[in-house]
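Colleague: I'd like a close look at one part of this model, with enough about the rest to place it. Have a look at the chain before I ask.

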Amino acid sequence: MAGPPSGWPRAFADFSGAARDGDANAAYWAGLMVRNGKGTAADTTAAVAWLEQAARGGVPDAMFVLANMLIAGEGGAPDAAAGHAWLQRAAALGQPAALQQLAQGAYEEGAAERADALLKEAAHALKHRTALP
C-alpha cells in the first residue's frame, strides 16, 4: 500500500465499491486496508468479511491472510479448522507463504519428507510468482 496516506481514503472507497460489485481482487485490498486501518478505521471483523469474499473469489493471497486471521482469532473466535482449510486451498493454488507454513507444520509433526516437498513447491512458486492481484 504505497502512496501518501492522504490518498488512502479514496483508494479504500474505490476498492470497497468494486468489491461490492463482485471484484474479488478489490475485496482483498479492501480487506487489507480495513485490517490495517489504512484509509478507514481498523476493523478486523470487517477485514475477515472482505477477505472471505476475496478468498471465495479465488484470490490465493486472501486465502492465506484469512487463514491466519481465523487461526489466531483475529476478527472473531479462533477457528483453526476453517483456517487450516483456507491454508490448504491457498497452498493448492501455489501461494508460497501457505506452502511454507504447511511445510513448517509438517516438520513439527515429524513429516520431514512431506515438508521438504512443500518447501520445493514453495521455491518453485516463488520463481513463477505473478504480481499481486
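How much of the 133 residues in the protein chain do buried residues make up? And please take a close look at α4: which of its residues are buried, and what do they pack against?

Modeller: Bear in mind that this is a predicted model. On your opening question, buried residues make up 35% of the 133 residues.

Let me set the scene before getting to your helix. The chain has 7 helices and 0 strands, so reading from the N terminus you just get α-α-α-α-α-α-α. Its radius of gyration is 16 Å, close to the 14 Å the globule rule gives for 133 residues, so the chain is as compact as a globular protein of that length. Along the principal axes, the C-alpha trace spans about 50 × 35 × 25 Å. As for how the sequence folds back on itself, take the contacts between residues at least 6 apart in sequence: 46% of them join residues at least 24 apart.

Now to α4. It covers residues 60–72, 13 residues in total, and goes 19 Å from first C-alpha to last, close to the 18 Å expected at 1.5 Å a residue. The buried residues are Asp61, Ala62, Met63, Phe64, Val65, Leu66, Ala67, Met69 and Leu70. These residues pack against α2 (24–36), α3, α5 and α6.

Both ends of the helix deserve a glance. Going in, Val59 is part of the loop between α3 (44–56) and α4. Although it is a loop residue, Val59 has a relative accessible area of 5%; buried means under 20%, so Val59 counts as buried. From Val59 to Ala90 there are 31 residues in sequence, yet the C-alpha to C-alpha distance is 8.1 Å. Going out, α4 is followed by Gly73, which has a positive phi, near 75°.

Two other spots make handy reference points. Ser16, in helix α1 (residues 8–20), has a relative accessible area of 4% and is buried too. Leaving aside residues up to four places away in sequence, Ser16 touches Ala30 and Trp50. Set that against Gly37, in the loop between α2 and α3: its relative accessibility is 31%, so it counts as partly exposed. Gly37 sits 17 residues from Arg20 in sequence, and their C-alpha atoms are 19 Å apart in space.

Two of the helices that α4 packs against, α5 and α6, turn up again around the second largest pocket. That pocket has a volume of about 150 Å³. The elements giving two or more residues to its lining are α5 (80–92), α6 (96–108) and α7 (112–127). The largest share, 4 residues, comes from α6. Here is the lining in full: His84, Leu87, Gln88, Gln101, Leu102, Gly105, Ala106, Glu109, Arg114 and Leu118. By type, that lining divides into 4 nonpolar, 4 polar and 2 charged residues.

Back to your helix, then: the picture is of α4 with its buried residues packed against α2, α3, α5 and α6, buried Val59 in the loop before the helix, and Gly73 following it with a positive phi.

Key: Residues numbered from 1 in each chain as written. Predicted model: local features only at pLDDT ≥ 70, side-chain atom pairs only at ≥ 80, totals over all residues. Heavy atoms only, no water. Buried < 20%, exposed > 50% of the residue type's maximum accessible area, 1.4 Å probe, protein only. 1 Å grid on protein atoms, 1.4 Å probe; cavity = no way out; pocket = protein on both sides within 12 Å on 5 of 7 lines; lining within 4 Å. Points joined across faces, edges and corners; volume = space filled by probe spheres on them. Nonpolar A, V, L, I, M, F, W, Y, C, P; charged D, E, K, R; others polar. Contact = heavy atoms within 4.5 Å. Expected span 1.5 Å × (residues − 1). Rg over C-alpha atoms; globule rule 2.2 N^0.38 Å.
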